[in-house]
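Before you set this model up for further work, please read it once against the notes below. They are grouped by topic, and each can be checked directly in the viewer.

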Amino acid sequence: MDNTDLNNVKWFRNAAPYINAHRGKTVVLMFGGEAVLHPNFSNIIHDISLLRSLGVKLVVVHGARPQIEERMAQRGITQHIANDVRVTDAETLVAVKDATGSLRLHIEALLSNGLVNSPMHGAQNRVSTGNFVVAMPMGVKAGVDYKYTGSVRRVDSVGINMQLDYGSIVLLSPIGYSPTGEVFNLALEDVAAQTAIALKADKLISLTDKEGLLDQTGDLIRSCSVRRVKALLEDNDCHIRQLLLKAIILSGENGVERCHSVSYQTDGALLQELFTRDGSGTLIAQDHKEQIRTATIDDVGGILELIAPMEEEGILVKRSRELLEMEISQFIVIEKEDVIIACAALYPYTEAQCGELACVVTHQDYRGGNRALRLLNEVETKAKENQLKKLFVLTTVSAHWFQEQGFIHQPMSALPKDKQQMYNIQRNSKIFMKDI
């Protein structure tokens, strides 16, 4: 077995926990008509088929903006845009039906491919489409009649779930139907967000032309909260980008725990995002009512009160107020109604490119809510920002929990030399380390 084969085996083993975590979960995947035109789209189709074979319940929502514009140009129809929204008159609606219908059939055909020697051989995907989206007209706004441009009124979650339970991939187009028998042109983002909310989906994933969400300097944001997406929305003047950000915000505020934004241009980006530790794009987590943030000097008293019981039990080494005041910038806290209910600290060892995770404490009244895991994720993010490659922890009572989070037992020699000299032999703490 050569090195390439060994690397593939290692990747597959590392991916196994993520595969297990996604099995049986409902995922809404959205992409625009631009993605369908890209050379990488055939690989995306293969990855969608693979997700389905791994037990993911998939709803695929496609857009058709460039295809609609092409049909309109062929027919000599003039576009009428008002407030960044296309007005869909009777002529335009014909182009919309033509473009979305043809594109839906094209995607459905690609998902049905099962040729020998292709990645989809033996997949036998069942694709379900239908009148799952009930629409209503956008109406007249600021004196503009948007005619057959509409918005989502209701999503038939029962019908979609029935198809998902049958093992089908549900394919939705950016059109909806009214109880009066009319067809309306909808925004892809509206359909995807409302579908994810109606299904109580575990994830909403958007394939875009960017790596993911970018900050003001153009750098990729690896992970963030819905709150930060709102800040990005305020600074973004691109209408299409605004629609995506609004869809993420709407989903996150209405029960969708995780949203992802990844590139449709990069081969394997979707699989890398879902099945590797580092991902490839942006993960957006639902906001919690509790605030997680870097500690300030005003938090010293709250942290001392929080950690005091564990210091008395000997689980934590006692910290003086003076020491905590000096180290306060290393702490991250979870605050609820002005009370510190959890904390953790990161002590970097820059030369060794690793950091110590320390003082992970949750108030006894708030245990069992994954707060320690949220703190760990925040510490990992902070460590990566500081160019650290590993985290280590010394513990006397929580070894199993850290092992469950991917930490591996190590000898004292694995610690940075400075930390080895400070190791307290009498406490006999166990040492665990994790690559980040």
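The points that follow take up the sheet, one helix, the cysteines and one pocket in turn.

1. Please bear in mind throughout that this is a predicted model, and that every value quoted here was computed from its coordinates.

2. The sheet to look at is an open one of eight strands, which are arranged in the order 5-10-2-1-13-15-16-14 with mixed pairing. Its edges are formed by strand 5 (127-128) and strand 14 (223-225), each of which pairs on one side only. Within this order, strand 1 (residues 26-31) and strand 2 (residues 57-62) run parallel and are joined by six bridges; one of the bridge pairs to inspect is F31 with H62, the latter lying in strand 2.

3. Helix 3 covers residues 41-53, and its length is consistent with its residue count: at 1.5 Å a residue, its 13 residues should span 18 Å, and the end C-alpha atoms are 19 Å apart, which agrees. The buried residues of helix 3 include F41, I44, I45, I48 and L51, and D47 and S49 are also buried there. Just after the helix, G55 adopts a positive phi of about 95°.

4. On the cysteines, the structure holds zero disulfides. C238, for its part, has as its nearest cysteine sulfur that of C224, 18 Å away, and C238 is counted as partly exposed because its relative accessibility is 38%. The pair C343 and C359 deserves a more careful look, since the sulfur of C343 has its closest cysteine sulfur, that of C359, at 4.2 Å, which is too far for a bond when the cut-off is 2.5 Å. C343 counts as buried, because its relative accessibility is 0%.

5. Which residues lie nearest the centre of the second largest pocket? They are L316, A358, C359, V360 and L394, out of a lining of 40 residues, so that C359, discussed above as the closest cysteine to C343 by sulfur position, appears here again. The space in this pocket amounts to about 1100 Å³.

6. Several elements give two or more residues to the lining of the second largest pocket, among them strand 19 (339-349), strand 20 (354-362), helix 13 (371-385) and strand 21 (390-395). Strand 20 gives the most, with seven residues. In terms of residue class, the lining has 22 nonpolar, ten polar and eight charged residues, a breakdown that you may wish to keep at hand when you examine the pocket.

Terms used: Residues are numbered from 1 along each chain as its sequence is written. This is a predicted model: local features need pLDDT of at least 70, side-chain atom pairs count only at pLDDT 80 or more; totals for chains, interfaces and linings use all residues. Side-chain values use heavy atoms; hydrogens and water are left out. Buried means under 20% relative accessible area, exposed over 50%, partly exposed in between (1.4 Å probe, protein chains only). Helices (H or I, at least four residues) and strands (E, at least two) are DSSP runs, numbered from the N terminus. The expected span of a helix is 1.5 Å times one less than its number of residues. On a 1 Å grid over the protein atoms alone, a cavity is a set of points where a 1.4 Å probe fits but cannot get out, and a pocket is an open set with protein on both sides within 12 Å along at least five of seven lines; lining residues have an atom within 4 Å of a point. Grid points are joined across faces, edges and corners, and a volume is the space filled by probe spheres set on the points. Ala, Val, Leu, Ile, Met, Phe, Trp, Tyr, Cys and Pro count as nonpolar, Asp, Glu, Lys and Arg as charged, and the others, Gly among them, as polar. Two strands pair if DSSP finds at least two bridges between them.
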